[in-house]
Amino acid sequence: MLQDLLRTRDWLLADGATGTTLFAMGLTSGEAPELWNEAHPDRIRRLHQDFVSAGADIILTNSFGGTSRRLFLHNAQERVIELNRLAAQHARAVADAADHPVVVAGSVGPTGDLFAPLGALTEAEAVDIFAEQIEGLKAGGADLIWIETMSAVEEMRAAATAAARCGMDYVVTASFDTAGRTMMGITPEAMADATTSFTPAPHGIGCNCGVGASDLLVSVLGITAAKPDAIVIAKANCGIPQVRGGSIDYTGTPELMADYARLACDSGARIIGGCCGTTSEHLLAMRRALETHRRGDRPDTETLIARLGALASPPPREGATRRATRRSGA
Amino acid sequence: MADDDINLDALPDDELVTQMHDDLYDGLKDEITAGVDILLSRGWTPYRVLTEALVEGMRIVGVDFRDGILFVPEVLLSANAMKAGMAILKPLLAQTGAPKTGKMVIGTVKGDIHDIGKNLVAMMMEGAGFEVVDLGVNTDVDRYLAAIDEHQPDILGMSALLTTTMPYMKVVIEALKTKGIRDRIVVLVGGAPLNEEFSLSVGADAYCRDAAVAVETAKAFMARRSNQMSAG
Ligand code: B1M
């Protein structure tokens, strides 16, 4: 379904934020969003409906933390299949009732665990953990699996293997939030190299979340330069989270996100959406911007900064490298 | 040039300490425990080993992490090496007979599993003479309350690294108020996304930017507390 749409359209609009939108609907800190698939089906459907009404071609299920490892934090590790099935069913119902084709992407986020040898989780265990979640998403009617916000290659591979095992197509996006790399130190180029060599190959690769929209597009440029033929995904946060008093606000305006969408297109992304802080109002502005935009020249970092703001987590200054220690001799 | 055959025993104190900073940077656990043992055998106090060799070494790691030169895998190796060194020092710090500075219960809040920073704070607090009860990660309000009941600490420390979990601190503080014990305990909070304004808005006593600030702040509150007690 995704491939069909991509054959006829130059760009597709993915949705906005799930987590921060649910917080705005009353989710409280420490509560698992996935439990709302059961407790508040009306709100989950409204979340999807608002994005579809704003023009989303792809919606992500409310299942980001739906692995047993994440649900374990809420003592819901026994309910993986059920909660993921519900998540996919809600999105499916909204997609099927829409006036335009809408792809249901089953969101799969990180386990939150460190992989061996740094941590305890082995890749084989992780494949089983992801496969359980993906079975639930598949049962609920997801069109494909959307592996997102990843930072470790082992974890991306484990989720991709699990999707393949369940017979599902997948895409994979990483969070480049630390000086232009993922927190595990993976560059966009290295991520693109690694993921495009997974078998079967992903149907799209890219970036989501991270820090600001400028940072994210610098990563997109890295990926599109390394893999010019790949279908590239950009899903940026709506500006940068600011802690003001007791509340957390995102700095992005609809105008900024509209301009981000144009620049994402110019950077070579084919699938463009928003992440944390992106509301349906922002998404509508992005849809309008893309509809009237003609893909332009690839921007450089200076252009991105001039139009979207400074990098929130810039790469280290020129020449900064690991210290030379006596043993490493480096 | 790489030099694999460094004889730690043969190094004078200052060079050994520099070498330990390097070894922490490289995440070399065995070399760190060896270095700790050597310094102790040369008569260094456990506290001096902790601050000059280990904490200073981790500070350097922290700087390069902040500057985007080191990433999580390296920092975790360094933190593990530090932990190994700390395991030797901990019982000694307790024995040196230094009067206990105070008692702290600390944990990362519910929904959050980041613990590198919290562990550093716990280690530094122990180093400074506090008795620390570490509740680990994903701590819900009931576990905080039960631990406070059981251990009667002077200080409650909470850590959060996610913008989605930091508001949980307010849930815990409100529960302390409901139980009528908020005034009996000093609440210190920390974690990268927090700031002073946030800590006040959730009703904490203070925000601690890093582990060193946490120790200083905890000591200041303890001093104020004993003044109040002698005055009252
Ligand atoms: C008295 O009480 C006190 C006093 C002082 C206190 C205190 C308590 N607590 C801390 N302090 C203070 O003293 C300490 C020592 O000086 C300091 O502690 P810090 O913790 O600040 O500093 C530590 C020494 C070093 N810093 C750290 O250890 C955090 C580093 C970063 C890279 C980080 C790490 C390492 C990890 N992570 Co995560 N992780 C990131 C972090 C990005 C960054 N560059 O900061 C951050 C926090 N993570 C993030 C995310 C999103 C996540 N992580 C996740 C997982 C992980 C790992 C498991 C891979 C790993 C944690 C390993 C572990 N055992 O802790 C996931 C969450 C899992 C969960 N439910 O908690 C996941 C959700 C990933 C995902 N997409 O699923 C981001 C949060 C974004 C946000 N807006 O909230 C993040 C900022 C990265 C980013 N995107 O930029 C002070 O803050």
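This is a short tour of a predicted model, with a few selections to try in your viewer.

**Stop one: chain A.** Select chain A and colour by secondary structure; you should find 13 helices and 10 strands. Now zoom out a little. The C-alpha trace spans about 55 × 50 × 45 Å along its principal axes. For 330 residues, a compact globule would have a radius of gyration near 20 Å, and chain A agrees with that at 19 Å.

Next, switch on the surface. Chain A exposes about 12600 Å², with 51% of that supplied by carbon and sulfur atoms. Of the 330 residues, 55% are buried. Among contacts with a separation of 6 or more, 78% join residues 24 or more positions apart.

Want to colour by charge? Chain A carries 30 positive and 39 negative side chains, and the centres of the two sets sit 4 Å apart.

**Stop two: the cobalt.** Hop over to the ligand and pick its cobalt atom. Which protein donor does it have? The only one is B:His114, reaching it through NE2 at 2.2 Å. Follow the backbone around B:His114 and you're in a loop of chain B, between strand 1 (102-108) and helix 5 (116-127).

**Stop three: B:Ile88.** Stay in chain B and select helix 4, residues 72-95, where B:Ile88 has its place. Is B:Ile88 buried or partly exposed? B:Ile88 is partly exposed, because its relative accessible area is 23%, and buried would need under 20%.

Finally, show its neighbours. Leaving out residues up to four places away in sequence, B:Ile88 touches B:Thr33, B:Val36, B:Asp37 and B:Leu40. B:Thr33 is 55 residues away along the chain, yet its C-alpha atom is 7.6 Å from that of B:Ile88.

Definitions and conventions. Residues numbered from 1 in each chain as written. Chains lettered and ligands numbered in written order. Predicted model: local features only at pLDDT ≥ 70, side-chain atom pairs only at ≥ 80, totals over all residues. Heavy atoms only, no water. Helix = DSSP H or I, 4+ residues; strand = E, 2+ residues; numbered from the N terminus. Rg over C-alpha atoms; globule rule 2.2 N^0.38 Å. Buried < 20%, exposed > 50% of the residue type's maximum accessible area, 1.4 Å probe, protein only. Contact = heavy atoms within 4.5 Å. Areas by Shrake-Rupley, 256 points an atom, 1.4 Å probe, with all protein chains shown as cover. Lys, Arg positive; Asp, Glu negative; His and termini not counted. Charge placed at Lys NZ, Arg CZ, Asp CG, Glu CD. Donors = N, O, S within 2.8 Å, 3.2 Å for Na, K, Ca; no water.
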